[in-house]
Amino acid sequence: MITKPINTFFREATKKDLEAISAIENCVFSAPWSQQKLLDSFQNPSISMRLISYDDQIAGYLLTLNSIDFIDILTIAITPQSQQQGLGRGLLDDLLQHLDQDKVRSIMLEVRVSNVSAIHFYQRYGFELIGTREKYYSNLEDAKILRLLI
Ligand SMILES: CC(C)(COP(=O)(O)OP(=O)(O)OC[C@H]1O[C@@H](n2cnc3c(N)ncnc32)[C@H](O)[C@@H]1OP(=O)(O)O)[C@@H](O)C(=O)NCCC(=O)NCCS
């Protein structure tokens, strides 16, 4: 079922949002993307960056790499003070609402094996564990591969 938390608003990110996105990125990740890497994403026509605002504040974002028949989630983050209130699920609902249901067959992602809360979040949404990429991250941590069939 598609749900939408109250007082939330979704939109495409612009370069003006870079500072806010970078601040959240630095706050929630042990190995955050640099501002330059985030900026480069804006130049890539295959990457989409959607924001969720909650009570008029940017509360999180979702970066996706869009191929013809599948979407790769590059990163998703919600500010610590707004987590576990349905906003992350809201960003995934927003993604599903905007994708081309005639073409896109699946949504894929990699997540650190140590990130058990994110793995639980994705599995609650319906993602299935389909494999492991060994030493995927720069600190040689393995990644779980998850997939949601559309
Ligand atoms: C992972 C993340 C995006 C989830 O967003 P969120 O807004 O907190 O999640 P929601 O409130 O929408 O929760 C949806 C479901 O996930 C579960 N969930 C969310 N956070 C959880 C946690 N810390 N531990 C266990 N389960 C969790 C909720 O229990 C909920 O399940 P329900 O259907 O039983 O109610 C957010 O916690 C976050 O930004 N984490 C840090 C960044 C990160 O690790 N990103 C993922 C990188 S791959």
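**Group meeting talk: strands, domains and a ligand shell**

Hi everyone, let's start in the middle of the sheet: β4 and β5 run parallel, and 4 bridges join them. One pair to find on your screen is D72, which stands opposite M108 in β5. Before we go on, please keep in mind that this is a predicted model.

Now look at the other partner of β4. β3 and β4 run antiparallel, and here 7 bridges join the strands. How many residues lie between β3 and β4 in their hairpin? There are 3 residues between them. D72 turns up again here, as the bridge partner of L65. So that you can picture any strand as you scroll along, here is a general point: in a regular strand, the side chains alternate between the two faces of the sheet.

Next, let's zoom out to the domains. The domain assignment splits the protein chain into domain 1, residues 1–102, and domain 2, residues 105–150. Taken over C-alpha atoms, the centres of domain 1 and domain 2 are 17 Å apart. Where the domains meet, 10 residues of domain 1 are in contact with 9 residues of domain 2. On the domain 1 side of that meeting place, β4 and α3 each supply at least two residues. Which element gives the most to that side? It is β4, with 4 residues. If we sort the domain 1 side by class, we get 5 nonpolar, 2 polar and 3 charged residues.

Let's move to the inside. The largest nonpolar core has 27 residues, and the members that touch the most others are Y61, L62, I73 and L91. Two or more core residues come from each of these elements: α1 (18–28), β2 (47–54), β3 (57–66), β4 (70–78), α3 (87–98) and β5 (106–112). The core also draws on both domains, with at least three residues from each of domain 1 and domain 2. Try clicking on L62 for a moment. Setting aside neighbours within four places in sequence, L62 is in contact with R50, I73, I76, L91 and L95. Two of those names, I73 and L91, should sound familiar from the list of core members that touch the most others.

Now for the ligand. There are 19 residues around it, and the ones that come nearest are Q83, G88, R89, S117 and F121. Which elements each supply at least two residues of this shell? They are β4, α3 and α4, the last of these covering residues 116–125. The largest share, 5 residues, comes from α4. By class, the shell has 8 nonpolar, 9 polar and 2 charged residues. Like the core, the shell takes at least three residues from each of domain 1 and domain 2.

I'll finish with one residue from the second domain, E128. You'll find E128 in strand β6, which covers residues 128–133. Is E128 buried or exposed? E128 counts as exposed, because it has 11 C-beta neighbours inside 10 Å. Leaving out neighbours within four places in sequence, E128 is in contact with L146 and R147. Have a look at L148 too: E128 and L148 are 20 residues apart in sequence, yet their C-alpha atoms are 6.3 Å apart in space.

That's my tour, so thanks for listening!

Technical notes:
Residues are numbered from 1 along each chain as its sequence is written. This is a predicted model: local features need pLDDT of at least 70, side-chain atom pairs count only at pLDDT 80 or more; totals for chains, interfaces and linings use all residues. A nonpolar core is a set of buried Ala, Val, Leu, Ile, Met, Phe, Trp, Tyr and Cys residues joined through C-beta atoms within 7 Å. A residue is buried if 20 or more other C-beta atoms lie within 10 Å of its own, exposed if 12 or fewer, and partly exposed in between; C-beta atoms are placed from the backbone. Domain bounds come from an automatic or database domain assignment. Two residues are in contact if their C-beta atoms, placed from the backbone, lie within 7 Å. Ala, Val, Leu, Ile, Met, Phe, Trp, Tyr, Cys and Pro count as nonpolar, Asp, Glu, Lys and Arg as charged, and the others, Gly among them, as polar. A residue is near a molecule or strand if its C-beta atom, placed from the backbone, lies within 6 Å of it. Two strands pair if DSSP finds at least two bridges between them.
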